[in-house]
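Visitor: I have a protein model on my screen and would like to learn how to read it. Could you walk me through it, one feature at a time?

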Amino acid sequence: MADRPRDLAERMARRRRLGGKPGEAAGDGYLRETFTLPRPAARERAEAFFARYPKAGYMSAVETWRELPGGDIEFTMRRLPSAD
């Protein structure tokens, strides 16, 4: 247990720096996939992702997205590795 808030912050920062498995952020347990696709294909890919990994079972979400200058959409999908 942390004695001070600073101890907790340092422990969390250390865990973040250590990293996790490929496709996984440091210690949070989520798997992430990043895609860059034209808008219609991006929508289809996200719908397929949610069909394969339902939000209720995998806590799936579009974590980040942005429109690139050429009109493509870059987005990151996240999910838990397995559903219980």
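Visitor: Which strands form a hairpin, and how many residues are between them?

Guide: Bear in mind that this is a predicted model. The hairpin is made by E2 and E3, with five residues between them. Look at Gly71 in the turn, where phi is positive, about 100°. The loop between E2 and E3 also holds Gly70.

Visitor: Is Gly70 buried or exposed?

Guide: To decide, compare the relative accessibility with the cut-off: over 50% counts as exposed. Gly70 has 77%, so it counts as exposed. You can also find Gly70 by looking from Pro38: the two are 32 residues apart in sequence, and their C-alpha atoms are 9.0 Å apart in space.

Visitor: Where else should I look for a positive phi?

Guide: Try Met59, which has a positive phi of about 50° although it is not a glycine. Met59 sits in the loop between helix H3 (55-58) and E2. With a relative accessible area of 44%, Met59 is partly exposed.

Visitor: Back to the strands, please. What holds the strands of a sheet together?

Guide: The general idea is that strands of a sheet pair through backbone hydrogen bonds, and the pairing can be parallel or antiparallel. Here you have an open sheet of three strands, in the order E1-E3-E2, with antiparallel pairing.

Visitor: Why is one side of E1 and of E2 left without a neighbour in the sheet?

Guide: Strand E1 (31-37) and E2 stand at the edges and each have a single partner strand, so one side of each has no neighbour in the sheet. As you step from one strand to the next, the twist averages 15°.

Visitor: How many bridges join E1 and E3, and how many join E2 and E3?

Guide: E1 and E3 pair over seven bridges, in the antiparallel sense. E2 and E3 are also antiparallel, over six bridges. To follow the first pairing, start at Leu31, which stands opposite Arg79 in E3. Then go to Arg32, whose bridge partner in E3 is Arg78. For the second pairing, find Thr64 opposite Thr76 in E3, and Glu67 opposite Ile73 in E3.

Visitor: How enclosed is E3 by the rest of the structure?

Guide: Here the cut-off for buried helps: under 20% relative accessible area. Five of the seven residues of E3 are buried, so this strand is largely enclosed by the rest of the structure. Across the protein chain of 84 residues, 18% count as buried.

Visitor: What can one residue of E1 show me?

Guide: Choose Glu33, which is found in strand E1. Glu33 is partly exposed, with a relative accessible area of 35%. Leaving aside residues up to four places away in sequence, Glu33 touches Phe49, Phe75, Thr76 and Met77. Between Glu33 and Met77 there are 5.4 Å in space, C-alpha to C-alpha, although they are 44 residues apart in sequence.

Visitor: What share of contacts in the protein chain join residues at least 24 apart?

Guide: Among contacts between residues at least 6 apart in sequence, the share is 50%.

Visitor: How do the helices fit in with the strands?

Guide: First read the chain as a list of elements. There are three helices and three strands, and from the N terminus on they run α-β-α-α-β-β. Now turn to H2: this helix lies across E1, E2 and E3 and runs at about 5° to E3.

Visitor: Which residues line the largest pocket?

Guide: The lining is made up of Arg39, Ala42, Arg43, Ala46, Phe50, Val62, Trp65, Ile73 and Phe75. The volume of this pocket is about 190 Å³. Sorted by character, the lining has seven nonpolar residues, no polar ones and two charged ones.

Visitor: Which element supplies the largest share of that lining?

Guide: That is H2, with five residues. Helix H2 (39-52), strand E2 (61-67) and strand E3 (73-79) each supply at least two residues of the lining. So you meet E3 again here: Ile73, one of the lining residues, is the residue in E3 that stands opposite Glu67.

Methods
Residues numbered from 1 in each chain as written. Predicted model: local features only at pLDDT ≥ 70, side-chain atom pairs only at ≥ 80, totals over all residues. Heavy atoms only, no water. 1 Å grid on protein atoms, 1.4 Å probe; cavity = no way out; pocket = protein on both sides within 12 Å on 5 of 7 lines; lining within 4 Å. Points joined across faces, edges and corners; volume = space filled by probe spheres on them. Helix = DSSP H or I, 4+ residues; strand = E, 2+ residues; numbered from the N terminus. Nonpolar A, V, L, I, M, F, W, Y, C, P; charged D, E, K, R; others polar. Pairing = 2+ DSSP bridges. Axes fitted to C-alpha atoms, helices over the stretch in contact; angles between N-to-C directions. Contact = heavy atoms within 4.5 Å. Buried < 20%, exposed > 50% of the residue type's maximum accessible area, 1.4 Å probe, protein only.
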